[in-house]
Amino acid sequence: MARLTIPAEEYLRAGHSACPGCAATLVMRYLLKGLGPRVLLTVPASCWTVIATPFPTTALDVPMVDCAFEATGASMSGLRAAADALGLADAIVVGFAGDGGTSDIGLQALSGMLERRTDGIYVMYDNEAYMNTGIQRSGSTPQAAWTTTTPVAAGSRGKAEPKKDIMGIVDAHRPAYAATVNVAFPEDFVKKVETARERSGPRFLHALSPCPPGWRFPPEKTIALGRLATDTNLFPLYEVDEGRCRITRKLGRARPVQEYLEAQGRFSHLTPEETRSIQADVDARWARLLAREAQS
Amino acid sequence: MSEAVISGNYAQSYAAKLARVHVVSAYPITPQTSIVEKIADFVASGELPAQYVKVESEHSALQVCISAAALGARTYTATSSQGLLLMHELLHWAAGARAPIVMGVVNRAVAPPWSLMTDHTDSISQRDTGWIQFYPESNQEVLDTTLIAFRLAEHPDVRLPVMVTEDAFFLSHTVERVDIPSPACVDAFLPSRSREGAVRLGARGRLGSFTGPDLYMEFRYTVARAMDRARGVLEDVEAAYERATGRHHGGALPTYRVDDADAVLVTMGTATSTARAAIDAMRARGKKVGLAKLRVFRPFPAREVAELASRVDRIGVLDRSFTFGAAGAAFTEIAAAAHDAASKPILRDYIAGLGGRDLAPSDLDGIVSRLLKADASGIEWYGLKRRRAEVSSWPA
Amino acid sequence: MTRYETVEDLPEVPVAEEPSESIRTAGWRTFRPVIDRGKCTKCNVCWKFCPDVAIAIGEDGYPVVRLDYCKGCGICAEECRPLAIEMVQEE
């Protein structure tokens, strides 16, 4: 019998309301396995508002305080201030928000939380659109992706603008720790959570969260698609620990990004030229990341 | 107890310190700023061992307080005007989440045009949100009411957030002699808030679930019921405060010389002090006039208003704000409460003093004189500068 | 579980404390996983990747599907290296 490669303890309960194959549940599941039970969680309007189930049930064994859409960063600061004032020294404050709630409407509060050095871990689960409201584009939607507000038609080729670089924005605030994590690599995910737990000050995790209904792929492919995202270098796995950058997964040779794009209906309209352009962008960002790691 | 000559703003700062708040979070806006500057001094010097979270907007300030209160912390914030409007979404949230936050609101006009001066539109426009609202008229009352607010907010039958307002500059920046209760006195009146929050570290629990049409209405009823209970609880809390300090500010609708009055003016905030002087001057001239101070706007003292309406032929309401398309808010609610009075008083709404326009004793005299001569209910914009009268729209 | 039907049933502060297991999501699925113990190597990958916490590890080390909750997403079958899991259509 193989030993478990991630902690056995569960803090996520069955019966939750997530879509079949939802990666956002695994983001929460792996996060809490790494952090343990002394978590104070705050969640804004997002898929997880619904996933957690309606009154009177909850799908988590840790306390959860819902907050306004814009305000995850502020809610974290409030929980931290209260925990400190009330002597709850071992409480781990966690903000758990989607990409819209982080890089769009929640950006101000995130920046505030980072700037005032709130001791807590902010986790952005990135399904690359406003999924809870039915797949509308966010600042985190990748270029060329179909969404309901960036349709594919005569005058529109999916989202025109590139994806917002949330790790870059967070990096400018010099957090204690920031890392990308991927549900397809649970051991790497949990290890980074454990590292984050050991640090104090503002910490940030960017979690890729493939979404079957939003990205248009069958639910059994969630993990495979997550794996491809990293193995094409489109979503590199790395951490910046007190300023030092380290890539935590490198293949000798990356897979072509086309394999990743072809597996999703939201990119089914791409021309070979558009795909080449995306490949060039992936390659350029990977090269910059390698250079940054070399200088760390 | 110590005596000091302080502004209304500092009165709130001292009250927050005496209340031993755990968490303060605020964003600067004129004319609230000196409240939180003074609190920052208290925290920096160690006089107030609180967590002071310096946020990047008022919306975030209130979110900090709501989440901190969820864990059981005693919280305080303050704002004005645009800042209060920015908090609007979270004002609803604080009440629905039963967060016993106390907030100072320095009543300032809303933009556009920009104005820093006294006007009640900011807090009056939040009257739907489930916050208890007080309108003090002196710095002493500001301090006393802020202390009362903590005990009222945290009472198990209430558990609602409370706003303590101050007229911009008239109270916020003008100094008066204030008796500051001793820490021992306040500790006896206001016990340290129990650590019991809505959620607990290490325990399963979610504050903020969504709910369907089958139960949402019942949840909202629990908030309505709490606001209703606040009426009775306030009486008890203010009686306890009087035992502790000797001071009582008259309940929700303190009246002055109304017993044989032909006309009564209802005022809120600092206009009350001026009106009291005008009433005395008119009484000296043989006019039978009186004053009612609308001190607690939420929960609205409908019973007290109905009782007054049954004894008086004319009621004038000085509204320092206006609800476009309708009437002054205080007037509208007084009219509703007076509706069933056996003797139907004439009701006049005087929209006055907006954007800091001064209300001198002669203005209050003028308003009450017009009230005495009115032969029908209606609205007027008192002191509006114009060359031509237009057809007025209410009630025609 | 407590029944919440009237105002009197509601807590004064709206906190939800009941565990979500009272909601049985079995009805969501069209397919359910069937595990072939002959092929299963007890690697625990299916347990690891199940988004619904619907696979438990039995005392003998074999995975056990919690059929009250499994939504039939198929991730377990997809990720199972020994191909020990088959998604079978429900009647």
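Trainee: Why is A:Leu290 called partly exposed?

Mentor: Count its neighbours: A:Leu290 has 16 other C-beta atoms within 10 Å. A residue is buried with 20 or more other C-beta atoms within 10 Å of its own, exposed with 12 or fewer, and partly exposed in between, where C-beta atoms are placed from the backbone. The count of 16 falls in between, so A:Leu290 is partly exposed. This is a predicted model, in which local features need pLDDT of at least 70 and side-chain atom pairs count only at pLDDT 80 or more, while totals for chains, interfaces and linings use all residues. Residues are numbered from 1 along each chain as its sequence is written, and chains are lettered from A and ligands numbered from 1 in the order in which they are written.

Trainee: Where does A:Leu290 sit?

Mentor: A:Leu290 is in helix 11 (residues 272-295) of chain A. Helices (H or I, at least four residues) and strands (E, at least two) are DSSP runs, numbered from the N terminus. In space, A:Leu290 lies 9.2 Å from A:Cys245, C-alpha to C-alpha, although the two are 45 residues apart in sequence.

Trainee: Why is A:Ile135 called buried?

Mentor: Use that cut-off again: A:Ile135 has 23 C-beta neighbours inside 10 Å, so it counts as buried. A:Ile135 sits in the loop between strand 5 and strand 6 (152-153) of chain A, and has a positive phi of about 70° although it is not a glycine.

Trainee: What makes A:Arg117 partly exposed?

Mentor: A:Arg117 has 15 other C-beta atoms within 10 Å, so it is partly exposed. Its phi is also positive, about 60°, although A:Arg117 is not a glycine. You will find A:Arg117 in the loop between helix 5 (107-115) and strand 5 of chain A.

Trainee: How do you know that chain A is as compact as a globular protein of its length?

Mentor: Chain A has 11 helices and 11 strands. Its radius of gyration is 18 Å, close to the 19 Å that the globule rule gives for 296 residues, so chain A is as compact as a globular protein of that length. The radius is taken over C-alpha atoms, and the rule is 2.2 Å times the number of residues to the power 0.38. Of those 296 residues, 59% count as buried.

Trainee: How do you know that strand 3 of chain A pairs with strand 9 of chain B?

Mentor: Two strands pair if DSSP finds at least two bridges between them. Here 3 bridges join strand 3 (residues 63-66) of chain A to strand 9 (residues 205-207) of chain B, so the two pair, and they run parallel. A:Val65 stands opposite B:Leu207.

Trainee: What joins strand 9 of chain B to strand 1 of chain C?

Mentor: There are 2 bridges, and these strands run antiparallel. B:Arg206 stands opposite C:Ala16 there. The open sheet has 10 strands with mixed pairing. Its edge strands are strand 11 (244-247) of chain A and strand 1 (15-16) of chain C, each pairing on one side only.

Trainee: How many residues of chain C are in contact with chain B?

Mentor: 11 residues of chain C are in contact with 14 residues of chain B. Contact means that C-beta atoms, placed from the backbone, lie within 7 Å.

How values were computed:
Contact = placed C-beta atoms within 7 Å.
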